[in-house]
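Biologist: Please take a close look at one part of this chain and explain, step by step, how it is connected with the rest.

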Amino acid sequence: MSLKLLSLILFITTFTLLQGQTVDLNRTTDVPLTSSTVTLVNDFLNSYDIVPAAGMEQLDETTERSEIIEELLDYAESFLGTGYRRGGKTPNGFDCSGFTGYVFKEFGYNLNSDSRSQFLQGEIIENTVEAEPGDLVFFSGSRGGSTIGHVGIVVESHPLTGELLFIHSAVGGGIKIDSSFAPYYANRFKGLRRIIK
């Protein structure tokens with residue numbers, strides 16, 4: 001245990017005892033956190049110039065990103081079973097890009113209106129083993145070829161195999177979850193983009 005941490009524990013314990021409180025160091029909940037205690041602790045920490053460990057800010061950003069993605073996927077899955085509608089951009093019926101745009105917009109991310117232009121947004125993810133939930137996955141259209149014609153949202157990725165489970169609005173079945181290893185999609189995979197960084 002560092003000398004600064006030990007000093008902090010001793011400081012809080014002494015301050016708490018002076019207020020007539022009992023202290024059980026095995027149960028931090030017994031230490032009252034009144035506004036005066038918080039102020040004194042902050043003053044104490046500032047007097048030692050204690051700063052967060054390197055990378056703590058990144059940890060906060062990663063946690064926030066994970067929470068946003070989890071909420072986004074829950075929201076997307078709430079539309080499972082909604083019917084397909086060509087050009088649809090509402091819960092009355094979605095096409096693929098209308099669905100991704102609608103879901104991401106709910107969380108403050110504006111996507112372009114069609115799958116081809118959504119493919120130009122975000123960070124390029126080089127291969128499926130690097131994919132993460134919340135990434136956009138793109139495929140060619142029903143005729144195949146090199147043109148982007150379909151988009152979905154990764155809900156689960158398997159880094160060892162590269163298989164992706166993705167939610168999307170399909171002509172046959174509306175909003176559903178499919179595997180990138182299904183022959184129809186495996187033959188049409190075109191790439192991945194990360195919108196939420």
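Modeller: Phenylalanine 189 has a relative accessibility of 30% and therefore counts as partly exposed, because that class lies between the limits of 20% and 50%. The model is a predicted one, and every value that follows was computed from it. Phenylalanine 189 belongs to strand β8, which covers residues 189–194. I shall take this strand as the part to examine.

Consider first what surrounds phenylalanine 189. When neighbours within four places in sequence are set aside, its contacts are Thr128, Val137, Phe138 and Phe139. The C-alpha atoms of phenylalanine 189 and phenylalanine 138 are 6.2 Å apart, although 51 positions separate the two residues in the sequence. Contacts across the sequence also appear in the chain as a whole: among contacts with a separation of 6 or more, 52% join residues 24 or more positions apart.

At residue 194 of strand β8, charged side chains come into view. Side chains of opposite charge can pair when their charged atoms come close. Arginine 194 has a relative accessibility of 11%, so it counts as buried. One of its partners is aspartate 135, and the closest N and O atoms of this salt bridge are 2.8 Å apart. Because aspartate 135 lies in the loop between β3 and β4 while arginine 194 lies in strand β8, this pair ties together parts that are 59 residues apart in sequence. Aspartate 135 and arginine 194 are both buried.

Arginine 194 also meets glutamate 132 in a salt bridge, with an N to O distance of 3.9 Å. This distance satisfies the criterion because a salt bridge requires the two atoms to be within 4 Å. Glutamate 132, too, is placed in the loop between β3 and β4, 62 residues from arginine 194 in strand β8. With a relative accessible area of 29%, glutamate 132 is partly exposed.

Glutamate 132 has a further partner, arginine 65, with the closest N and O atoms 3.0 Å apart. Arginine 65 stands in helix α3, residues 56–77, and this pair is 67 residues apart. Its relative accessibility is 16%, so arginine 65 counts as buried. For the whole structure, the search gives 4 salt bridges. Let us return to the bridge between aspartate 135 and arginine 194, at 2.8 Å. Through shared partners, Arg65, Glu132, Asp135 and Arg194 are joined by salt bridges into one network.

Next come the nonpolar residues. The largest nonpolar core contains 22 residues, and those with the most contacts inside it are Leu72, Phe99, Phe104, Leu136, Ile153 and Ile167. Helices α3 and α4 and strands β4 and β5 each supply at least two residues of this core. Another core, of 10 residues, lies apart from it; its members include Val137, Phe139, Val154 and Leu192. Val137 and Phe139 have already appeared here, as contacts of phenylalanine 189.

Leucine 136 leads back to strand β8. Beyond its neighbours within four places in sequence, leucine 136 is in contact with residues including Gly191, Leu192 and Arg193. Its contacts also include Thr100, Phe104 and Ile153.

Threonine 100 is situated in helix α4. Its relative accessibility is 0%, and it therefore counts as buried. Leaving aside neighbours within four places, threonine 100 touches Leu111, Gln118, Leu136, Val151, Gly152 and Ile153.

Helix α4 and strand β5 also belong to the surroundings of an open space. The largest pocket holds about 720 Å³. It is lined by 25 residues, of which Tyr84, Gly141, Ser142, Gly149 and His150 are the closest to its centre. Elements that each supply at least two lining residues are α4 (96–105), α5 (115–118), β5 (148–157), β6 (164–170), β7 (174–179) and α6 (183–186). Strand β5 gives the most, with 3 residues. Sorted by class, the lining comprises 7 nonpolar, 11 polar and 7 charged residues.

Finally, the strand may be placed within the chain as a whole. The chain has 6 helices and 8 strands, in the order α-α-α-β-β-α-α-β-β-β-β-β-α-β. Of its 197 residues, 37% are buried. Strand β8 thus offers both a partly exposed residue, phenylalanine 189, and a buried one, arginine 194.

Key. Residues are numbered from 1 along each chain as its sequence is written. This is a predicted model: local features need pLDDT of at least 70, side-chain atom pairs count only at pLDDT 80 or more; totals for chains, interfaces and linings use all residues. Side-chain values use heavy atoms; hydrogens and water are left out. On a 1 Å grid over the protein atoms alone, a cavity is a set of points where a 1.4 Å probe fits but cannot get out, and a pocket is an open set with protein on both sides within 12 Å along at least five of seven lines; lining residues have an atom within 4 Å of a point. Grid points are joined across faces, edges and corners, and a volume is the space filled by probe spheres set on the points. Helices (H or I, at least four residues) and strands (E, at least two) are DSSP runs, numbered from the N terminus. Ala, Val, Leu, Ile, Met, Phe, Trp, Tyr, Cys and Pro count as nonpolar, Asp, Glu, Lys and Arg as charged, and the others, Gly among them, as polar. Buried means under 20% relative accessible area, exposed over 50%, partly exposed in between (1.4 Å probe, protein chains only). A nonpolar core is a set of buried Ala, Val, Leu, Ile, Met, Phe, Trp, Tyr and Cys residues joined through side-chain atoms within 4.5 Å. Contact means heavy atoms within 4.5 Å.
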